[in-house]
Amino acid sequence: MACWWQLLLGLWTIMPLWAGDELLNVCMNTKHHKREPGPEDKLHEECIPWKDNACCTANTSWKAHLNVSLLYNFSLVHCGLMMPGCQKHFLQAVCFYECSPNLGPWIQQVDPSRQGERILDAPLCREDCEQWWEDCRTSYTCKSNWHHGWDWSGGKNRCPARAHCHPFPHYFPTPADLCEKIWSNSFKASPERRNSGQCLQKWFEPAHGNPNEAVARLFASPAQSWELSHTLMAFSLFLLFLS
């Protein structure tokens, strides 16, 4: 029995070192993601920041930039032309979603009736939400949730019946509304600022390194430590009962 207690003591000692590692440097299980992240030296435009370590391929990054994305047959111009500054934010958001290997702490299994994974409540930095909202104020949309409820009868998304086109602030009164509502809480509007180490940037200058790596590690460790501590505690109580 003493050897078991020595083993448990060792696990409690090293647990903080490897807790959460399985949530780091991973890709989601979806149709377009690679199985594992790796270098991609020909990523397209807004996806370039992830070229050193990406969950997307060059082909995926190119398809993401088309007016009607070949990834999901989704059109950003469902209410007429979108202003270039606004469109750029959406391209960055798609690249972030498809290419980033730093979303592990926020990956969730989708409804059991479907296959794959999604992210939930990934904390976007305050400036990312504010600038996105500001640059889209003069562009138009007809829905506040772009995940569901479209008319797909023509092969691409169209506004559903009785859904009227209005400037973005009509459907998204605040920057937080835009970040959080548009894709069913995939993102969460963080009060933290860029370079705080506590929020994710949906785009960054690649020459300065990827700031999201440290953020993922920060959020991964507490979550995994909590689960592991409960497992080890239960095992410890079991051994105590046997003794």
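Here is a quick tour of some salt bridges, one helix and three individual residues in this structure.

It's a predicted model, where local features need pLDDT of at least 70, side-chain atom pairs count only at pLDDT 80 or more, and totals for chains, interfaces and linings use all residues. Residues are numbered from 1 along each chain as its sequence is written, and side-chain values use heavy atoms, with hydrogens and water left out. Helices (H or I, at least four residues) and strands (E, at least two) are DSSP runs, numbered from the N terminus. For accessibility, buried is under 20% relative accessible area, exposed is over 50%, and partly exposed is in between (1.4 Å probe, protein chains only).

**Salt bridges**

- Eight salt bridges turn up in the count, each one a side-chain nitrogen of Lys or Arg within 4 Å of a carboxyl oxygen of Asp or Glu.
- One of them links Arg-137 to Glu-134, with 3.9 Å between the closest N and O atoms. Arg-137 is partly exposed at 40% relative accessibility, and Glu-134 is partly exposed at 42%.
- Arg-158 pairs up with Asp-151 at 3.6 Å, N to O. Arg-158 has a relative accessible area of 40%, so it counts as partly exposed; Asp-151, at 26%, is partly exposed too.
- Asp-177 and Lys-181 form another, and their closest N and O atoms sit 3.6 Å apart. Both residues belong to helix H6 (residues 175–181), with four residues of separation, or about one turn of the helix.
- As a rule of thumb, an α-helix has 3.6 residues a turn, so residues three or four places apart point the same way.
- In that H6 pair, Asp-177 is buried at 17% relative accessibility, whereas Lys-181 is partly exposed at 39%.

**Helix H3**

- H3 covers residues 84–99, which makes 16 residues, and spans 22 Å from its first C-alpha to its last. That's close to the expected 22 Å at 1.5 Å a residue, where the expected span is 1.5 Å times one less than the number of residues.
- Why is H3 described as largely enclosed by the rest of the structure? Because twelve of its 16 residues are buried.
- Among those buried residues are Cys-86, Cys-95 and Cys-99, along with Phe-90, Phe-96 and Tyr-97.

**Asp-128**

- Asp-128 sits in helix H4 (residues 126–135) and is buried, with just 3% relative accessible area.
- Its side chain makes a polar contact with the side chain of Arg-194 at 2.8 Å. For a polar contact, a pair of N or O atoms must be within 3.5 Å; within protein, one must be able to donate a hydrogen and the other to accept it, and residues adjacent in sequence count only if both atoms are side-chain atoms.
- A polar atom of the Asp-128 side chain also lies 2.9 Å from the backbone nitrogen of Lys-202.
- Leaving out residues up to four places away in sequence, Asp-128 touches Arg-194, Leu-200, Gln-201, Lys-202 and Trp-203, a contact being heavy atoms within 4.5 Å.

**Two loop residues**

- Pro-49 is in the loop between helix H1 (2–18) and helix H2 (58–64), and is buried at 8% relative accessibility.
- Which residues does Pro-49 contact, leaving aside neighbours within four places in sequence? They are Trp-203, Phe-204 and Pro-206.
- Pro-49 and Ala-207 are 158 residues apart in sequence, with 8.3 Å between their C-alpha atoms.
- Gly-155 lies in the loop between strand E6 (140–141) and strand E7 (166–167), and is partly exposed at 41%.
- The C-alpha atoms of Gly-155 and Phe-74 are 9.2 Å apart, with the two residues 81 residues apart along the chain.
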